[in-house]
Amino acid sequence: MKTLNDFNFENKKALIRVDFNVPLNDKLEVTDNTRIVSAKPTIIKILEDGGSCILMSHLGRPKGAEEAFSLRNIVNELENVLGVEVKFVDACVGDKAEAAAANLEPGQVLLLENLRFHKEETAGDKAFAEQLSKLGDVYVNDAFGTAHRAHASTTIIAQFFPKAKCFGYLLEQEIESIDKVMKTGEKPVLAILGGAKVSSKITIIENILDKIDHLIIGGGMAFTFVKAKGGKIGNSICEDDKMELALEILKQAEQKNVKVHIPVDVVAADAFSNDANTQVVDINDIPDGWEGVDAGPESRKQFHDVVMQSKTILWNGPLGVFEMESFAKGTIELGNSIAEATKNGAFSLVGGGDSVAAVKQFGFEDKVSYVSTGGGAMLESLEGKKLPGIAAILE
């Protein structure tokens, strides 16, 4: 695996695929700079070596060249984070981009315009990738968030740098963190899967059963398992067509000696609203007209015990409707448990949109070992899929 540390970038132009797909407000200002901060160590290493950086990224899903999606809008934030001046060129291929790259001096940073202003980017067009490749001497992929897509700048471009391509620090960390869970993790290994639907997590469950010792199933998906086993779930969310599959998963887990933990009690609400009436009930006996919206106190206690005995922890998906304050307690307490286990030496990886949002919202970012920056890419890694952006560097 070639990484930044295998190269000296002195007098070299590094063409770096970053993931600066950051949220902007109505004034087109960056509202969350996490992805920019995550790319900083890679950029600084190259500048300190005496090289220059040409940064390429996409932003949103523009239909052609739309000002609201121009990467010009993130230049100020990028300069603030890096502490260096950032040059911007309103092109990513062609004479203008090539001239801007050619004029770049060691120690300087150039940001290219949004790659997705060209439909060739998402089409994985080879000629477009070749045009991009003319801008730099070394290709660095540091965009885990797009590693699962075979786009021109994330995958196709690598073939034009047969001897001069590597992973950036962020992508290297992502790969190592997933490997820690999937391959080298100290046992017992625990996976916590939450969220609304079993269907979105089936492939993950099937792929990780051989690698884990404990599986906590929480959130809305738990009710499909409960109903499949004959429980009464009231108005709770359920995928009736996945009940047989749920029983099959439980059977497979038993055969592989994986202990499955499903909530035993829930906070039930009489409406999907923060102000609803609530009661704590047995998960197998939720009254009609009521729905489970969070893990109950006994479940939280049991989950805490499982977390505390685990040495490697993967957390993907919340335990309840954490966006509503009244139903966030299960997710917050789980976060506290994982933070405590991490402090005691466990390795904890958080990934997938909702759990990352919860971790940020409740201040657990610095209390877990690693928070993944790529939702879809993370999930596909856990499903055991080969990510094209990673494969292209390894080839």
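In which helix does Asp354 lie? Asp354 belongs to helix α12. The legends below describe close-up views of a predicted model.

**View 1. Asp354 sits in helix α12.** The residue is partly exposed, at 41% relative accessible area. That value falls in this class because buried means under 20% and exposed means over 50%. With neighbours within four places in sequence set aside, Asp354 contacts Pro318 and Phe322. The unreviewed UniProt entry lists Asp354 under "binding site".

**View 2. Ser355 is a buried residue of helix α12.** Its relative accessibility is 0%. Beyond neighbours within four places in sequence, Ser355 touches Trp315, Asn316, Gly317, Pro318 and Val350. One of these residues, Gly317, also takes part in a polar contact. There, the Ser355 side chain reaches the backbone nitrogen of Gly317 at 3.0 Å. Ser355 is also among the "binding site" residues that UniProt lists in its unreviewed entry.

**View 3. UniProt's unreviewed entry gives a set of "binding site" residues.** The record names Lys201, Gly292, Glu323, Gly352, Gly353, Asp354 and Ser355. Of these residues, Gly352 and Gly353 are included in the lining of the largest pocket.

**View 4. The largest pocket holds about 490 Å³ of space.** Its lining counts 26 residues. Nearest the centre lie Thr34, Lys360, Val371, Ser372 and Thr373. Helices α1 (34–49), α6 (169–184) and α12 (353–361) each supply at least two lining residues, as does strand β17 (370–371). By class, the lining has eleven polar, ten nonpolar and five charged residues.

**View 5. The second largest pocket encloses about 380 Å³ of space.** Its lining has 17 residues, and Ile178, Asp179, Lys183, Ser381 and Lys385 are the closest to the centre. Two or more lining residues come from each of α6 and α14 (388–394). Helix α6 gives the most, with five residues. The lining divides into nine nonpolar, three polar and five charged residues. Helix α6 also supplies at least two residues of the largest pocket's lining.

**View 6. One cavity of 30 Å³ or more turns up in a search of the whole structure.** Where is empty space left among the atoms? Rolling a probe the size of a water molecule over them shows this. The largest cavity has a volume of about 50 Å³. Its lining consists of Val18, Asp19, Phe20, Arg35, Ser38, Ala39, Asp142, Leu170 and Thr373. Helix α1 provides the largest share, three residues. Four of the lining residues are nonpolar, two are polar and three are charged. Thr373 lines this cavity, and Thr373 is also among the residues nearest the centre of the largest pocket.

**View 7. Thr342 lies in helix α11 (residues 329–343).** Is Thr342 buried or exposed? Thr342 is buried, with a relative accessible area of 16%. The class follows because the value is under 20%. The Thr342 side chain makes a polar contact with the side chain of Ser348, at 2.8 Å. Outside its neighbours within four places in sequence, Thr342 is in contact with Ser348, Lys367, Val368 and Ser369.

Key. Residues numbered from 1 in each chain as written. Predicted model: local features only at pLDDT ≥ 70, side-chain atom pairs only at ≥ 80, totals over all residues. Heavy atoms only, no water. 1 Å grid on protein atoms, 1.4 Å probe; cavity = no way out; pocket = protein on both sides within 12 Å on 5 of 7 lines; lining within 4 Å. Points joined across faces, edges and corners; volume = space filled by probe spheres on them. Helix = DSSP H or I, 4+ residues; strand = E, 2+ residues; numbered from the N terminus. Nonpolar A, V, L, I, M, F, W, Y, C, P; charged D, E, K, R; others polar. UniProt positions renumbered as here; feature names shortened; annotations may be inferred. Buried < 20%, exposed > 50% of the residue type's maximum accessible area, 1.4 Å probe, protein only. Contact = heavy atoms within 4.5 Å. Polar contact = N/O pair within 3.5 Å; in protein donor to acceptor, adjacent residues only side chain to side chain.
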